[in-house]
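Biologist: I should like to learn how to read a structure of this kind, one feature at a time. Please show me the entry, and let us begin with a single residue.

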Number of protein chains: 2
Amino acid sequence: MPPDVKALIFDVFGTVVDWRGSLIAELAAFGTARGIAADWPALVDAWRGAYVPSMDRVRHGARPWVILDTLHRETLDRLLDEFGIAGLDDATRASLNRLWHRLRPWPDAVAGLTRLRRRFVIAPLSNGNLALLTNMAKHAGLPWDAVFGADLFRHYKPDPETYLGACTLLDLPPGQVMMVAAHNGDLAAAHALGLATGFVPRPAEHGPGQTRDLTPEGKWDVVAPDFAALAGKLGC
Amino acid sequence: MPPDVKALIFDVFGTVVDWRGSLIAELAAFGTARGIAADWPALVDAWRGAYVPSMDRVRHGARPWVILDTLHRETLDRLLDEFGIAGLDDATRASLNRLWHRLRPWPDAVAGLTRLRRRFVIAPLSNGNLALLTNMAKHAGLPWDAVFGADLFRHYKPDPETYLGACTLLDLPPGQVMMVAAHNGDLAAAHALGLATGFVPRPAEHGPGQTRDLTPEGKWDVVAPDFAALAGKLGC
């Protein structure tokens with residue numbers, strides 16, 4: 001690995017937490033409790049499917065800055081209509097939207113981060129907003145040293161302002177900061193700006209039959225199957 | 001206390017950590033090791049004495065944004081000259097400046113924060129920069145949920161952008177956020193913006209004979225002699 005790395009910044013959705021499994025389980029339980037039948041996996045995939053397009057409207061200037069909680073809520077309202085789920089009041093919708101604040105970490109995440117934290121400053125660098133990430137960390141026990149949400153920069157990844165903004169706040173040159181992600185695109189953007197890169201594939205992120213991001217598609221500095229192996233490779 | 005408070009934000013220098021005692025002890029040890037005799041308490045008081053004036057030049061537009069590490073270093077370089085301490089190279093000066101990253105918490109701070117964290121989101125809101133605060137937390141074991149340095153807002157307290165910026169990032173209205181500080185001026189600024197207020201006097205912050213900030217000078221929502229008592233009053 002690059003010898004000078006002092007901080008690790010982590011993609012969160014998919015890399016640290018299992019958004020798909022968490023949301024499907026929570027929504028299925030909600031449906032059972034409320035007597036609502038729906039194709040919850042399809043709704044969750046559609047919810048996440050709107051993630052990039054909804055951020056792109058902000059990134060490309062079609063609308064002013066809004067936090068991810070707002071984008072998630074707009075998508076949820078639309079999908080509830082499309083899936084024919086009627087009669088949910090505002091408080092219920094707000095509660096469902098907050099499921100993103102309580103996503104479950106992958107089984108290796110907390111123990112691996114705890115090891116990595118001994119040697120490195122560790123922080124998320126996520127398109128989630130700071131409140132979402134802070135609530136998630138509290139709920140899941142993620143031992144971050146600091147929290148970088150997209151709202152600190154008012155830019156979404158892969159805009160350079162996010163990666164470079166995190167380096168500036170850490171007061172470190174990009175070469176001393178490693179981006180860790182399960183997504184080759186995130187790493188490519190970080191690498192282009194001079195950050196070190198760590199790839200931890202999450203082949204179950206998108207459920208059975210996942211075809212993307214199964215293998216490294218760049219010369220990433222470190223590749224590891226999970227956070228325990230990442231800690232080992234980084235000498236923790 | 002205000003019933004709706006969900007997050008506590010803390011002043012750091014003086015409220016959470018004993019900057020004066022820490023710096024005097026570290027500089028005296030440095031002096032002994034290097035054979036340098038100096039009036040270290042006077043140097044530390046002068047270092048801190050330049051804090052407000054140096055930030056005011058940024059706050060009032062006399063110079064562009066710079067982080068507190070930079071202000072501390074400029075002051076240190078000047079004081080080393082004034083105190084007749086010669087021959088320190090750049091690396092040594094940088095190391096001395098980093099003493100601000102390793103200040104000792106008051107004896108009640110870590111245990112109190114750990115209790116408060118069970119019920120509230122807790123974060124520093126300091127004029128220190130994020131890297132300083134993050135390093136300090138790692139060194140001292142301060143269990144912050146998130147870290148708000150002045151560089152997130154490119155404003156120093158008591159500018160409103162700091163208090164309101166923290167509330168925005170927490171996605172909470174000011175009335176659900178409590179500013180905790182040992183300084184009446186900090187609380188007055190927060191109160192004027194609608195934040196709740198908690199006063200924890202630190203009568204030894206400035207050493208023997210301290211005359212300021214010994215008692216509450218406003219109708220603060222909570223007054224407690226230390227963080228343990230604060231946790232008790234807030235139901236933790």
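Biologist: Is B:Ala28 buried, partly exposed or exposed?

Modeller: This is a predicted model, and its features are computed from the predicted atoms. Burial is judged by counting other C-beta atoms within 10 Å: 20 or more make a residue buried, and 12 or fewer make it exposed. B:Ala28 has 15 such neighbours, so it is partly exposed.

Biologist: Where does B:Ala28 lie in its chain?

Modeller: B:Ala28 belongs to helix H1 of chain B, which covers residues 19-34. A separation in sequence may also be set beside a separation in space. B:Ala28 and B:Pro41 are 13 residues apart in sequence, and their C-alpha atoms are 8.9 Å apart.

Biologist: Let us turn to a whole chain. How many helices and strands does chain A have?

Modeller: Chain A has 10 helices and 6 strands.

Biologist: What does the radius of gyration say about chain A?

Modeller: The value is set against the one expected for a compact globule with that number of residues. For 236 residues the expectation is near 18 Å, and chain A, at 18 Å, agrees with it. Along the principal axes, the C-alpha atoms of chain A fill a box of roughly 55 × 35 × 30 Å. Buried residues account for 43% of the 236 residues in this chain.

Biologist: Which share of the contacts in chain A joins residues at least 24 apart in sequence?

Modeller: The count takes in contacts between residues at least 6 apart in sequence, and in chain A 63% of them join residues at least 24 apart.

Biologist: How are chains A and B related in space?

Modeller: One looks for the turn and the shift that lay one copy on the other. Here a turn of 180° with a shift of 0.0 Å along the axis lays chain A on chain B with an RMSD of 0.0 Å. That is the relation of a two-fold axis. Within chain A, the C-alpha nearest this axis belongs to A:Ala146, at 2.8 Å.

Biologist: Which elements of chain A touch chain B?

Modeller: In all, 15 residues of chain A are in contact with 16 residues of chain B. On the side of chain A, helix H7 (130-140) and helix H8 (160-170) are the elements that give two or more residues. The largest share, 5 residues, comes from H7(A). By class, this side of chain A has 9 nonpolar, 2 polar and 4 charged residues.

Biologist: Why may one say that the copies meet through the same surface?

Modeller: One compares the interface residues of the two copies. Of those in chain A, 100% are also interface residues in chain B, so the copies meet through the same surface.

Terms used: Residues are numbered from 1 along each chain as its sequence is written. Chains are lettered from A and ligands numbered from 1 in the order in which they are written. This is a predicted model: local features need pLDDT of at least 70, side-chain atom pairs count only at pLDDT 80 or more; totals for chains, interfaces and linings use all residues. Copies are superposed by least squares on the C-alpha atoms of residues with pLDDT of at least 70 in both. Two residues are in contact if their C-beta atoms, placed from the backbone, lie within 7 Å. Helices (H or I, at least four residues) and strands (E, at least two) are DSSP runs, numbered from the N terminus. Ala, Val, Leu, Ile, Met, Phe, Trp, Tyr, Cys and Pro count as nonpolar, Asp, Glu, Lys and Arg as charged, and the others, Gly among them, as polar. The radius of gyration is taken over C-alpha atoms; the globule rule is 2.2 Å times the number of residues to the power 0.38.
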